[in-house]
Amino acid sequence: MYMFKYVLKRIALMIGVFLAILTMCFVLVKLLPLTDAQQFGKDMNLILRRREALGYNKPILVQFGIFLQKSLFGGDWGISETLYRGQEVWAVFISKLPATLLVNIYSVIFSVPLGLMLGIYAALKKNKWQDYLISTLVMVFISVPSYVYALLVQYLLCFKLRLFPLQMNSGTDWLSWSMFLSVIPAVLSLGFGSIAGLARYTRAELSEVLTSDFMLLARTKGLTRGQATVRHALRNSMVPIFPMILGEFIGILGGSFVIEKIFGVPGVGQLMINSITGRDYNVFMLLTAFYTLISLMTGLVIDLSYGFIDPRIRMGAR
């Protein structure tokens, strides 16, 4: 019962934050200059009709009410005015989503196991040269932004060694070998920072668990160091680490804006940047709602996962 009330409370707060962010973005967008309809040529009448339907000539509160009614509750996010002139914003978004999901899923698959293995190995070799080497590399990789990795990967692996193409392949053949090769540079650029962060966190948590009293008790009962680590240490250290793994996806998703631009990934990250530079406000509002909702839902799932991973958390709440 407590968990049910907690979930309802979190959902209510999530909806409130979501509406507050949408309101701020909507008001700020309306304060920016609007592209003159005369510039759209043959599409001018279509743009004018859609703007009139959205209440562009009415007070901003009325416009916001129409926006909530049509877009948020009605699913009609309008048409793209500058980037994809005359096309439905939702259709453009759906066409761009698979490329972003492909890059981010590959990045998670690449970074999570490698980060966990490096963290576990560093914890088992604590205060030895392997631990010092991994910790030093982790600090270096965490300190460098992902777009720096992108430029290095693009120069060394794509330009000098010619192992991969400079840009992601076009088309929708997402599972082909050529598409996979073209995605690898973007995946590497996004994954380095995630590997370093996960390795550092895993090393810290596992090192603390390995020095706990119950580990000494397990060793005195006859378990080898490896058996005690696998059966007890890893299981207990995964309680705080597993929710962090869930948060890696949204972390990579947010960091893919610049990476998609550098490697020509035809995804929603590049679309977000183009909507800002091109002043395509309808596209911007849809993507703002998408990223905000993903972030809030990820936070909720992470918080709830603690209770499901460790039942003691639910019991302690009572």
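The lining of the largest cavity is made up of 9 nonpolar, 4 polar and 2 charged residues. Keep in mind that this is a predicted model. The structure holds 2 cavities of 30 Å³ or more, and the notes below cover both of them, followed by the aromatic rings and one helix.

**The largest cavity**

- This cavity encloses about 150 Å³ of space.
- Its lining counts 15 residues, and those that lie nearest the centre are Phe26, Lys30, Tyr56, Phe67 and Asn282.
- Three elements give two or more residues to this lining: α1 (2–31), α3 (60–72) and α11 (281–309).
- Of these, α3 gives the most, with 4 residues.

**The second largest cavity**

- Here the space comes to about 30 Å³.
- The lining consists of Leu34, Tyr56, Glu81, Arg279, Asp280, Tyr281 and Asn282.
- Sorted by class, that lining has 3 nonpolar, 1 polar and 3 charged residues.
- Tyr56 and Asn282 are worth selecting in your viewer: they line the second largest cavity, and they are also among the residues nearest the centre of the largest one.

**Aromatic rings**

- A handy reminder before the numbers: a pair of aromatic rings is described by the distance of the centres and the angle of the planes.
- Searching the whole structure turns up 13 aromatic pairs.
- One of them joins Phe141 and Tyr149, with 5.6 Å from centre to centre and 35° between the planes, which makes the pair tilted.
- How buried or exposed are the two partners, Phe141 and Tyr149? Phe141 is partly exposed, because its relative accessible area is 29%, while Tyr149 counts as buried because its relative accessibility is 6%; the cut-off for buried is under 20%.
- Phe26, Phe64, Phe67 and Trp77 come together in one aromatic cluster.
- Two members of that cluster, Phe26 and Phe67, also appear among the residues nearest the centre of the largest cavity.

**Helix α10 and what follows**

- Helix α10 spans residues 268–277 and is mostly covered, with 7 of its 10 residues buried.
- Which residues of α10 are buried? They are Val268, Gly269, Gln270, Leu271, Met272, Asn274 and Ser275.
- As background, residues three or four places apart in an α-helix point the same way, because there are 3.6 residues a turn.
- After α10 comes Arg279, which has a positive phi, near 55°.
- Arg279 also takes part in lining the second largest cavity, together with residues including Asp280 and Tyr281.

Terms used. Residues are numbered from 1 along each chain as its sequence is written. This is a predicted model: local features need pLDDT of at least 70, side-chain atom pairs count only at pLDDT 80 or more; totals for chains, interfaces and linings use all residues. Side-chain values use heavy atoms; hydrogens and water are left out. Buried means under 20% relative accessible area, exposed over 50%, partly exposed in between (1.4 Å probe, protein chains only). On a 1 Å grid over the protein atoms alone, a cavity is a set of points where a 1.4 Å probe fits but cannot get out, and a pocket is an open set with protein on both sides within 12 Å along at least five of seven lines; lining residues have an atom within 4 Å of a point. Grid points are joined across faces, edges and corners, and a volume is the space filled by probe spheres set on the points. Ala, Val, Leu, Ile, Met, Phe, Trp, Tyr, Cys and Pro count as nonpolar, Asp, Glu, Lys and Arg as charged, and the others, Gly among them, as polar. Rings of Phe, Tyr and Trp (its six-membered ring) pair if their centres lie within 6.5 Å; planes under 30 degrees apart count as stacked, over 60 as edge-to-face and the rest as tilted.
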